[in-house]
Amino acid sequence: MSGTMVTGTTTTGAGIAVSVLQVALTVVGAPLLVGMMRQVRARMEGRAGAGVGQPWRDLRKLMRKKPLDPHGTGPVFRTAPLIQVATTLMVAAAIPFVSVDTGVGEAADLIAVVALLTLGTAALALAGLDTGTAFGGMGASREMTITALAEPTVLMAAFALSTRVGSTNLPAIVDAGLKDAGRVVSPVSVLAAFALAAVVLAEAGRLPVDNPSTHLELTMVHEAMVLEYSGPDLALVELAAAMRLSVLLGLWSALFLPWGTATSTGVLAVLGATALFVVKVGVLGAVLAAGEVFMAKLRLFRVPELLAGSFLLAVLAVAASFFLE
Amino acid sequence: MNTLLLLAPIVVPAAASGAYLVLGWRRSTAHLGTASAALIFVVGVMLAVRTVRDGGFDALSGWLSGDPLAGFLLMVIGAVAVVACAASRGYLAGERADGHGDGPGERRYAVLVQAFLAAMACAVVAGNLGLIWVAIEATTTVTAFLVGHKRSRAAVEAAWKYVVICSVGIALALLGIVILYAAARHAGLSEASALDFDALAGHARRLDPAATRMAIALIVLGFGAKAGLAPLHSWLPDAHSQAPAPVSALMSGVLLSVSFSVILRTKQVADAALGAGFVRALLLIAALATLTVAALLLIGQRDFKRMLAYSSMEHMGLMALGAAAGTPLALSAVLLHIAGHGLGKAVAFCSSGQILHAEHTSRIEDVTGLAARAPVLAGTFGAAVLVLLGFPPFSLFASEVGIARAGFAAGLGWPTAAAFALMLVAFAAIGAHTLRMLAGPDPLHGSAPGSGAALRAQAPLISALLVVAVIGVAAWPLAHLLSAAAPVSIPWSTR
Amino acid sequence: MSGAASVQVLDFACGVFLLAGVGALWRRALSAVIGLLAVQGAALAVVAAALGADEHHPELYAVAAGVGVLRAGVLPGLARRALAASGEDRESEPLVNVASSLLVAAALVLLAYAVAQPLARLEGSQGSRALPVGLASVLIGLFMLVARRKALSQVAGFLLLDNGITAVAFLAAAGVPLLVEIGVSFDLLLVVLVLRVLTVRMQSAFGTTDLDDLRELHD
């Protein structure tokens, strides 16, 4: 690991406080982000919309319902939502959203973060298979195909971003970007940004890879997988999906728009960075929602093309990090 | 005077091309093309005499340069062009008689043929590798519409493949030239001299070996495509069989050799920079691959124009073998082969065009008993094929023997033996196909046309065959020139 | 322009050049491919101008202007007119599907990087580091020539190939002598004109510009 890193190598009490803040922010903010994106979309389509708080109201309603397990499902089905929520929360604690000095320190590795997110996906895919229904299996197989195609891109992009820093440690990468703004606008960064943007869309299940608001059997991916959940379990799944979206957007903004992230754990700096982080993710979400209004979902067999393209961009980023830097 | 000598073979056909553009093709202008071709030949002789006596010279600050090889190639271009331009009259008249020809088409044909000659002459007398490239690529674009002259589906297809494959091949050569230029600039040569063959050969030891190797390989591959050498040869049979016969004669008889001469000149630089082994290996691979393709596809050939095209590939493969041997004897033999093959192939294509016109088919099996039906035409075609097969009175016999001897002497025993085994296959195939066309009963019992008129019409072709026979029996007019023109590499070790 | 700024511009232009090249392989709509070729030509002109600024070579500005006009304006314009004449805007069934093409392109970029090593050693100039960009365009152009079936796709592949060669010339040696450059550009223009006419003839003779239908000539 890089020896130039000062922050992020030790676990301090203030760092743990930052991580707790990030987790709390993610849990509270994620459904609001989803609500805001739906609202943007509704307004652009000329509808009134249900309001920013609607996802929270939905969650509250689902939580009050009686837990109900489909006949014949096992522990995999029941634990999957918990696993997904837990992994997403861990990731939220690790990524330097508001300050590079998180309580996770060395462990906040880009590859570890990606692995944790994939673990959540895999757990849910297993749950989809566990139900034994046609939709569950179909959704799981589609989801795993997309994940498998997206994974090489993530690793390549991580490689491109880490060669210049000499480390895959997330705080180190963000810190380097903060210290040298030229890095963030270099061709390597721009290429990696486009590559990871495609992956974020795929992993978060957004258009054009997956349509989060469809229940049409031919087109759903994520929704098909979780079709059998109800009550509090469904609430957890929905919450995890919302958190996943905000964490991925947050990761992208931390890597490619690091400005404003605090380099210390001073109270004022962290509060300022928190506000700025909320604004950044909010803007990204709004842009995404606005983009989706004009976008159609890709046919499933065109998805590999998109992901192959993003893989190519990631390879180009790696190549450029060798011959242009 | 020197500048004039180098400019004339470019300017005269270009002017003739312009004249055709203004005046069109008509009875009064029909001889203009032949005259300009004859002038190229005369200039070639003058250039050869002067440079053999006084040595080479540059003109226009090095953009043009004259040496014995340039003089020799101009002579071949001129001689073949005289035959082809003389045959063009008959070809265009035949087209018109068949109802295909029209004024604008004939005008375009004449304009493009002269522009083609100008571009080839430019490639020969250019002293700068970049300018040579420009001229060779210009021949592709100029001949594209000549290949597609007939506008049939097959002609359009042949023209498309011709332009795409040749342009891509030649573009690879441009990449090689660019890399060579970068290496030369890095070695301290000035902008003007970095693409000059003499300067490059003189500073060869200072060129970066890795970059030069890549550059030379690309140049050999690229100009090899235009010279009909494998692996980028697939345009050749299509283009040569679809082009009008006189154009096929020019393309097969000289264009291939002109591109090949660029490889010969490049080899001088490469041998000085990298030792003789590198280009030798490249040329041996190309030679054997080309010969194999040609021999295999000749066996089952059904179209006599395609047969002649594959025969061109076979001869180019043989020349590549001679160049690989690289000794003075081998290179002189290669140059003699260029001359003999150029004239022989020109006659063969021109007479094959007449057969096509008379029989309305280019399929071998549909033409039988030609000797009984049209004895003069059959005689010309048969004699031309004998030339190409390397029968003794003609010069190809001498040059093939020379290449074989040089190959064995240079320690290339096995490749030479393999090459001549493949030549034997090609020999048998061409011989059998030609016999089937000429001999046999005449199914139509057609009457032979008046032989006096036929003889007069065939006069240019017959005299070309006589020339090949004369240089075959007595190479005296050329012997001195051939040894002076052979671009022999200066041995690596003595530099 | 200061030295550092011209290097940044050079890097940026090289990046755009490469992206336009792979983008041309990505898109199926031929009009989009031609648009990307124009972008690539413009990037090439910027490369030439940045090198001119870097090496104080005012002649290169004129060359850059010429390259820009030809490769970003005239050639794409000709291709666009040929496209309008052929009336077919999509590469519907490429020989190699688009996803695999993109993976091949990734491999080709790495290959270009490996191949360029001996050349990058040659020159100490700013440009030689970016040489793989030009070679990658050459390789992608060649791949496009063999893997696509529409006549216009082959023209696009040829232009990619040629843009790549010109980029190598600029990056390795600050361009070939002016007269050669003019000759090369003129030949390129002629080739594209010839191919345009042939596309029209192919359309009228075969009723399509699908190269798979060219099956008249074989042994």
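In this predicted model, 39 residues of chain B are in contact with 34 residues of chain C. On the chain B side of that contact, the elements that each contribute two or more residues are helix 5 (129-147), helix 6 (153-186) and helix 8 (209-226) of chain B. Helix 6 of chain B supplies the most to this side, with 21 residues. Sorted by class, the side of chain B that touches chain C holds 25 nonpolar, six polar and eight charged residues.

Chain C also meets chain A, in a contact that takes 14 residues from chain A and 19 residues from chain C. Here the largest share of the chain A side, 12 residues, comes from helix 12 (residues 303-323) of chain A, and the class count for the side of chain A that touches chain C is 12 nonpolar, one polar and one charged.

The table below sets out the class make-up of these two sides, together with that of a helix pair inside chain B.

| Contact | Nonpolar | Polar | Charged |
|---|---|---|---|
| Side of chain B that touches chain C | 25 residues | six residues | eight residues |
| Side of chain A that touches chain C | 12 residues | one residue | one residue |
| Helix 16 of chain B with helix 19 of chain B | four residues | two residues | no residues |

The helix pair in the last row is formed by helix 16 (residues 395-409) and helix 19 (residues 459-473) of chain B, which pack at an angle of about 45 degrees with their axes 7 Å apart. Because of that angle, helix 16 of chain B counts as oblique to helix 19 of chain B. The residues that meet are S395(B), F397(B) and A398(B) from helix 16 of chain B and V468(B), I471(B) and G472(B) from helix 19 of chain B. By class, this contact between the two helices has four nonpolar and two polar residues, with no charged residues.

Turning to chain B as a whole, its secondary structure consists of 20 helices and two strands. The radius of gyration of chain B is 21 Å, close to the 23 Å that the globule rule gives for 495 residues, so chain B is as compact as a globular protein of that length. Taken along the principal axes, the C-alpha atoms of chain B fill a box of roughly 70 × 55 × 45 Å.

Of the 495 residues of chain B, 62% count as buried. Among the contacts in chain B with a separation of 6 or more, 82% are accounted for by residues 24 or more positions apart.

Terms used
Residues are numbered from 1 along each chain as its sequence is written. Chains are lettered from A and ligands numbered from 1 in the order in which they are written. This is a predicted model: local features need pLDDT of at least 70, side-chain atom pairs count only at pLDDT 80 or more; totals for chains, interfaces and linings use all residues. Two residues are in contact if their C-beta atoms, placed from the backbone, lie within 7 Å. Helices (H or I, at least four residues) and strands (E, at least two) are DSSP runs, numbered from the N terminus. Ala, Val, Leu, Ile, Met, Phe, Trp, Tyr, Cys and Pro count as nonpolar, Asp, Glu, Lys and Arg as charged, and the others, Gly among them, as polar. Axes are lines fitted to C-alpha atoms, for helices over the stretch in contact, and angles run from 0 to 180 degrees between N-to-C directions. Angles under 35 degrees count as roughly parallel, over 145 as roughly antiparallel, 65 to 115 as roughly perpendicular and the rest as oblique. The radius of gyration is taken over C-alpha atoms; the globule rule is 2.2 Å times the number of residues to the power 0.38. A residue is buried if 20 or more other C-beta atoms lie within 10 Å of its own, exposed if 12 or fewer, and partly exposed in between; C-beta atoms are placed from the backbone.
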